[in-house]
Amino acid sequence: MMHRLSFILRLSSFIFLLTACDSGDIQEQTYATDDRGHTVRLTAILSGIDSWESRYTVSLAGFTTGDNYAQVVRTLPNTTPDGTRVELVLSNIGDDINTVELAITNRLRERIITLARVNMEDYADTRDTIRMDLGQLDVGRFGALQLGLFNQACIQCHGGNGGAGAASLNLTQERAYAQLVDVASTRREGMKRVEPGDAQASLLHQLLAEGGENLLHVNHTEILSNQFRENLSEVRQLIDDWINGINF
Ligand code: HEC
C-alpha cells in the first residue's frame, strides 16, 4: 500500500512537471554562456501574444550574425493576456552574440521575424544592464508584420513621409490593414492587394514571392530579399499565414 501510494505521488509530480513545462511558463534555454557577459532587460506592455499558434513564441533572443537560430532565448507563454506588462531578462550574453531581439521564434529557436533589436556592438564598452523599454506593442500576427516588415522595408515609400504613399498605398501603423485587406489594386486590374483567406491570389503575396520581380515597375521581391537575408522564407510564410488566416 505504502509502495503504491509513493508511486502515485511520484507519478503525479512527474505529470505536474510535464504540465508545468507545457503550460509555457517562462523558460530559459541557454546554449552559450559566458559569466562575464552582458544583460539585456526588456520591458513592454504587450498585446496579441495569444493570437500565435503553439509552434510560435514571442521571445527575447540573442543571435550571431549569419545564423537564423538563436543562441540564447527567453520565451513568453502564449497565454499571456493583452495589456500585460512584461519584463524579460537575458543574462550571460557572450561576445559571440551580435544582436538581442524581441522576435517571433519557432520551437527550434529559429527567427521568424524581428520586432525590435539591440546591436550588442553599441554596448561593447559597458557591462551595465542594457534596457529595452518598448512601451505598448501589438505583437500578434499582423502587429508583427507591421513592426517587422512594413515599418522596416516599406513605409519609406508607402506613407512614411506623411503622403498617400506610392500607388496610393499607405503602410504605416493604423492604416496598413485597412488599405490592404479586400482592397482593389490600383496597378493590377482585377486583383486585390490582399484577398482575404487566399494568399496565392493576393498581389501582396505575388509581389514579394519569387517570380514577382517584374509584376510592377518597382522590384518588390528584391526589396524583400535585401531586407531579410537570414529569414526570407520565414517572412514570406508569415505573410501567407496571415492572409490565409483572415476570416472575412
Ligand atoms: C523604393 C520604394 C518602395 C518600397 C521600399 C516599397 N514599395 Fe511598394 N510600391 C512602390 C511603387 C512605386 C509602387 C507602384 C509601382 C507601379 O506603379 O508599377 C508600389 C506598389 C506596391 C503595391 C501595389 C499597390 C496596388 O494598389 O496595386 C503593393 C501591394 C506594395 N507596393 C507593397 C509594398 C510592400 C509590402 C513593401 C515592403 C516590403 C513595399 N511595397 C516597399 C514603391 C515601393
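Begin with the whole chain: of the 248 residues of the protein, 31% count as buried. The model is predicted, and its pLDDT averages 89, with 85% of the residues scoring at least 70. Colour the chain by confidence and select residues 1–24, where the pLDDT is below 50. Beyond near neighbours in sequence, this stretch makes 5 contacts in the model. Where pLDDT is low, the predicted coordinates should not be read in detail.

**The overall fold**

Switch to a cartoon view. The protein contains 6 helices and 8 strands. Followed along the sequence, these elements give the pattern α-β-β-β-β-β-β-β-β-α-α-α-α-α. Among contacts in the protein with a separation of 6 or more, 61% are between residues 24 or more positions apart.

**Strand E6 and its two partners**

Select residues 99–106, which form strand E6. This strand is mostly covered, since 6 of its 8 residues are buried. Next, add residues 56–63, strand E3, which runs antiparallel to E6 and is joined to it by 8 bridges. To inspect one position of this pairing, display Tyr56, which stands opposite Asn106 in E6.

Now add residues 111–119, strand E7. E6 and E7 also pair in the antiparallel sense, over 7 bridges. Here the residue to display is Val100, whose bridge partner in E7 is Val118. Then move to the hairpin of E6 and E7, which has 4 residues between the strands. Arg109 takes a positive phi near 70° in this hairpin.

**From E3 to strand E4**

Return to E3 and select residues 72–75, strand E4. E3 and E4 pair in the antiparallel sense over 4 bridges. Leu60 stands opposite Arg74 in E4. Show the side chains of E4 and examine both of its faces, which are covered. On one side are Val72 and Arg74, on the other Val73 and Thr75, and all of these are buried. Arg74 therefore combines two roles in this view, as a buried residue of E4 and as the residue opposite Leu60.**The open sheet**

Hide these strands and select E5, E2 and E8. In that order, E5-E2-E8, the 3 strands form an open sheet with mixed pairing. The edge strands are E5 (84–93) and E8 (130–138), each of which pairs on one side only. From one strand to the next, the twist averages 15°. Strands of a sheet pair through backbone hydrogen bonds, either parallel or antiparallel.

Focus on strand E2, residues 38–47, and its pairing with E5, which is antiparallel and extends over 8 bridges. Ile45 stands opposite Arg85 in E5.

While E5 is selected, display Asn92, which lies in this strand. Asn92 is not a glycine, yet it has a positive phi of about 55°. Is Asn92 buried, exposed or partly exposed? It counts as partly exposed because it has 17 C-beta neighbours inside 10 Å.

**The loop between H2 and H3**

Move on to the loop between H2 and helix H3 (176–180), and select Glu174 within it. Like Asn92, this residue is worth checking for its backbone angles. Glu174 has a positive phi of about 80° although it is not a glycine. Glu174 counts as exposed because it has 8 C-beta neighbours inside 10 Å. For a distance across the model, add Gln146, which is 28 residues from Glu174 in sequence. The C-alpha atoms of Glu174 and Gln146 are 9.3 Å apart in space.

**The ligand and its shell**

Finish at the ligand. Which residues come nearest to it? Of the 23 residues around the ligand, they are Cys154, Cys157, Ser185, Arg187 and Leu216. Next, highlight the elements that give two or more residues to the shell around the ligand: helix H2 (141–153), helix H4 (203–208) and helix H5 (220–227). Colour the shell by residue character to see its composition, which is 14 nonpolar, 6 polar and 3 charged residues.

Methods. Residues are numbered from 1 along each chain as its sequence is written. A residue is near a molecule or strand if its C-beta atom, placed from the backbone, lies within 6 Å of it. Ala, Val, Leu, Ile, Met, Phe, Trp, Tyr, Cys and Pro count as nonpolar, Asp, Glu, Lys and Arg as charged, and the others, Gly among them, as polar. A residue is buried if 20 or more other C-beta atoms lie within 10 Å of its own, exposed if 12 or fewer, and partly exposed in between; C-beta atoms are placed from the backbone. Two residues are in contact if their C-beta atoms, placed from the backbone, lie within 7 Å. pLDDT is the predictor's confidence in each residue, from 0 to 100. Two strands pair if DSSP finds at least two bridges between them. Axes are lines fitted to C-alpha atoms, for helices over the stretch in contact, and angles run from 0 to 180 degrees between N-to-C directions.
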